[in-house]
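Hi there,

Here is the structure I promised to pass on to you. Have a look at it first, and my notes follow just below.

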Amino acid sequence: MSSPSVVSTKPSTGERAAAFVVKWGFVAVTVALILFFVITEPSFRTVDNIFGMLKFIAPTAIAGLGVMLAMTVGGIDLSVGASAGFAVSIAAWTMVIANQVGGVAVSVVLVCGLLIGALNAFLIVVARIPDLLATLTTMFVIVGLKLIIVDGKSISSQMTLSNGTTAPGKFTADFLWLDRGSVGPIPVPVIIFLVVTVLLWFLLERTRWGRALFAVGTNSEAARLSGIRVQWYRTAAYMGCGLLASVAGLLLAARIGQGDVSAGNSLLLDAVAVALVGVSVLGIGRPNAWGTALGAVLIAVMVTGFTMLGLPYYAQDFGKGIVLLVALLFSFTFSRRRTVVTAGSTTSSS
Amino acid sequence: MTSLPTTPVEGHDVTVVSLVGVSVAYGSNVVLTDVGLDFRAGEITALLGANGAGKSTLIKALSGANSRYSGEIRIRGEAVHLGSPVQARQLGISAVHQKVADGIVPGLSVAENLTLDDLAQASRHPLRNRRAALADARAALATLGLDWPDAVLSQDAARLAISDAQLLVLARALRTTPQLLILDEPTSALTAAEAERLFDVLRALRASGLSIIYVSHRFGEIEALADRVVVLRDGVVQSTSERPFEWHGILHDMLGRATALDHDRGETHRGTAEAATLDGVRLFPESAPVDLAIRSGEVLGILGLIGAGKTEIAELLGGLATPLAGSLTLQGRAYAPRRPGDAIAAKVVLVPEDRQRQGILPGWSVLRNITLPFLRESSVAGLVRRRFERSRADSVIDTLSVVASGPDASIDDLSGGNQQKVVVGRWLSAGPALAILDEPFRGVDIAARREIGQRLAALAADGAAAVVLSSDVDEIFEVADRIVVLVGGQIELDRYADEVDRSTVIGAFLGQSHGASAGATASAGATPSAAAPLAPAAAPASAAAPPSALTAPASSHPTPAPDPERPSNV
């Protein structure tokens with residue numbers, strides 16, 4: 001006595017082909033791109049280059065994973081670039097001006113990242129400002145605060161302070177190890193990138209907390225009625241995002257070796273792009289860790305390849321734009337399944 | 001108060017608009033079937049129906065908001081196609097929708113809001129000046145006999161009181177001098193006095209020859225205002241009745257289902273142990289406290305219309321709200337859940353009313369939809385145990401015969417009835433001590449309803465308590481061992497299913513027993529006895545204070561009840 005209900009019929013060949021393209025299209029493009037550069041550019045295929053590429057993209061990828069985390073609860077974080085930039089200056093200030101060791105700098109920066117995340121969460125969860133606007137505001141506030149703290153200047157070792165004396169501290173070796181160190185052949189930033197990816201994948205796909213984060217992002221009312229503390233999970237997601245943005249900032253600071261005030265400026269767009277590409281990669285249709293990592297790798301391959309081909313730097317942005325456009329077409333236009341990303345709406349229930 | 005310019009009456013009883021065989025289907029789901037109705041000039045037609053009966057679908061078709069109807073709509077005998085609300089207005093059908101706020105553009109002045117249609121028409125007055133707008137606005141208000149000063153006309157419309165906003169929207173609807181005016185629950189946000197003012201306006205409009213469709217759940221208003229009542233149920237016109245209204249029959253048409261679908265649910269079980277109690281709980285700020293005992297081993301059916309307090313009971317027990325007064329107990333101990341998680345931890349589960357909004361997670365698999373509330377239980381140290389989840393999902397799919405390709409099928413691919421089975425099965429899957437189901441059969445076919453009913457009976461047989469909240473008499477008779485009728489936050493009847501018959505239950509719906517105890521002063525001399533509980537219309541029509549008066553504002557019947565400020569059931 002089954003009820004006369006309609007269950008979806010078997011997909012047609014065309015539908016299956018489309019599903020295949022949606023699922024593997026991005027992987028295929030990445031592989032094709034790699035092959036193309038491997039064939040045309042001999043220097044591309046060296047191990048150094050591969051790790052160099054991954055190291056280069058690590059900060060973007062980690063910030064992108066942060067944005068991805070905010071997306072799981074149906075939100076977005078536009079302050080990741082500013083947070084990373086803030087981290088760069090704060091790390092430099094702690095070591096150079098306050099004359100502290102690298103470990104202290106790292107701790108201070110991570111705490112700052114959590115606080116920025118908590119500020120975002122407060123604005124979104126308690127003050128009920130839409131996430132897009134709240135994090136945009138935070139972005140301005142953080143950038144401004146950073147410039148006030150460092151007097152608008154880049155902080156470098158042995159710089160002359162406004163009272164005429166020389167700055168007491170310098171970027172310590174243990175801090176610079178974050179960029180220059182390696183475990184075996186693998187550079188430290190690449191290890192951090194991988195570890196963060198695996199941890200997030202594990203959190204989101206294997207634990208009940210991950211399930212709850214997605215539930216909040218999919219239908220927050222149903223999640224609430226299922227006993228999930230929706231506001232806690234929102235808060236946790238934004239704090240996690242702030243933390244990851246500051247980790248990205250630490251890697252940038254170690255790479256640059258000084259507190260460049262303009263560091264992190266370009267990170268926001270790349271991070272958001274990577275997270276959005278991550279949604280469509282593998283046809284998953286929702287924020288996910290491996291997709292985001294793969295999106296970052298794709299962009300790294302493209303940028304490296306473009307550079308080797310001698311294309312001007314401004315061609316990179318064009319390339320990234322096209323990648324993002326294709327990703328969005330896959331997510332929203334070609335995918336049969338409903339995409340669960342609702343960037344810019346805290347009360348998402350699609 | 002209002003002096004209305006009487007437009008020439010072209011003779012009452014002229015049919016203005018007729019529907020001939022109008023049907024509407026959303027996909028394979030037919031929501032309106034072969035509706036044939038005539039609306040005459042100078043007549044107020046009340047449209048009644050429970051939730052999902054097709055009222056709003058009918059209104060949408062008539063007002064041009066949904067052009068995908070089949071059948072014919074004729075205006076003064078001429079077949080027309082209503083493709084858009086603007087077109088409908090031009091042809092003489094204006095609608096005022098339920099949410100007044102949706103009809104007001106905040107930030108624009110009162111005058112601009114009154115003349116909003118002009119803004120939408122690019123060709124007219126490309127440059128508008130303030131004075132012309134004010135003049136137009138004054139003219140629009142004059143149709144209602146209103147004379148608002150310029151200071152009011154120039155202020156932000158968002159600052160108007162809700163009743164004035166209602167009048168604004170009404171005046172705007174009348175600007176195009178419609179022949180048919182549709183009002184969807186126009187008094188839901190008004191006080192009794194404001195509603196009274198609106199009724200005066202509507203009576204004057206009727207006198208001027210306008211045909212009005214009046215949608216409301218409030219029988220008092222309909223008794224006071226309408227010339228005839230049309231009842232919709234399941235998309236079909238059940239009955240059309242003229243004055244004097246026979247409310248018992250009307251309510252039966254509205255709530256009853258064809259007897260062919262009745263089925264014998266067998267023995268009535270009587271629970272013994274108290275699973276939960278409501279002690280002196282106020283369901284609404286102004287209602288009297290309620291005591292209710294929910295017993296294990298039986299299915300309790302709580303019957304009530306919108307605003308009766310059903311959802312309030314569900315929210316109290318489910319941890320979504322805290323009682324205004326009084327307290328709850330669970331298994332003999334004080335029970336004060338502060339959030340849904342507390343209720344779930346206490347093995348109290350709530351199947352919410354709105355499946356789409358509160359129940360399912362779109363895009364998720366059936367399995368993940370089922371296990372969401374019990375993640376803590378299905379995981380060890382935070383790690384989700386997949387095998388546990390799968391067996392949970394399989395057992396839900398089995399016991400409720402969910403038609404799906406498997407636990408990994410997307411919930412989106414299931415029919416509405418099967419989605420509902422998944423949601424119900426989800427909440428019953430962890431062996432609750434108390435399960436509350438708020439309108440669990442809405443949009444669900446008969447087979448699914450039976451399966452859910454059987455599942456509830458099994459749950460009760462295992463010693464749990466189940467509560468089904470519904471506005472449908474037949475649903476309640478089908479699933480419940482014990483029936484409680486709720487009217488206006490008060491319990492009107494509490495009996496076991498084998499002790500009452502349908503008409504007694506419907507009588508309780510009408511507030512008879514309560515009228516005997518509290519409303520006796522109002523219903524001059526009518527002291528209904530338990531033996532003859534069902535003669536609402538038998539009382540002289542002038543005794544007014546019509547049935548239920550769920551939230552009836554002051555009765556404004558030609559011969560008003562002694563105390564018009566006082567709803568009959570308080």
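To start with one pair of helices: are helix 2 of chain A and helix 10 of chain A roughly parallel or antiparallel to each other? Please keep in mind that this is a predicted model. Helix 2 (residues 47-72) and helix 10 (residues 230-256) of chain A pack at an angle of about 170°, and their axes lie 7 Å apart. An angle over 145 degrees counts as roughly antiparallel, and therefore that is how helix 2 and helix 10 of chain A run relative to each other. From helix 2 of chain A, the residues making the contact include F56(A), P59(A), I62(A) and L69(A), while helix 10 of chain A brings in, among them, Y238(A), C241(A), L244(A) and L251(A). By type, the residues of this contact are 17 nonpolar, 2 polar and 2 charged.

Now to the two chains together. Chain B uses 41 residues to contact 34 residues of chain A. Between them the chains bury about 3200 Å², with 55% of it on carbon and sulfur atoms.

There is 1 salt bridge between chain B and chain A: E389(B) pairs with R211(A), and the closest N and O atoms are 2.7 Å apart. The two chains also have 8 residue pairs in polar contact. On the side of chain B that touches chain A, the elements that each supply at least two residues include helix 15 (386-399), helix 16 (416-428), helix 17 (446-461) and strand 18 (383-384). That side of chain B divides into 18 nonpolar, 11 polar and 12 charged residues.

Enjoy exploring!

Best wishes

Methods:
Residues are numbered from 1 along each chain as its sequence is written. Chains are lettered from A and ligands numbered from 1 in the order in which they are written. This is a predicted model: local features need pLDDT of at least 70, side-chain atom pairs count only at pLDDT 80 or more; totals for chains, interfaces and linings use all residues. Side-chain values use heavy atoms; hydrogens and water are left out. Axes are lines fitted to C-alpha atoms, for helices over the stretch in contact, and angles run from 0 to 180 degrees between N-to-C directions. Helices (H or I, at least four residues) and strands (E, at least two) are DSSP runs, numbered from the N terminus. Angles under 35 degrees count as roughly parallel, over 145 as roughly antiparallel, 65 to 115 as roughly perpendicular and the rest as oblique. Contact means heavy atoms within 4.5 Å. Ala, Val, Leu, Ile, Met, Phe, Trp, Tyr, Cys and Pro count as nonpolar, Asp, Glu, Lys and Arg as charged, and the others, Gly among them, as polar. Buried area is the accessible area (1.4 Å probe) that two parts lose on being put together, summed over both. A salt bridge is a side-chain nitrogen of Lys or Arg within 4 Å of a carboxyl oxygen of Asp or Glu. A polar contact is a pair of N or O atoms within 3.5 Å; within protein, one must be able to donate a hydrogen and the other to accept it, and residues adjacent in sequence count only if both atoms are side-chain atoms.
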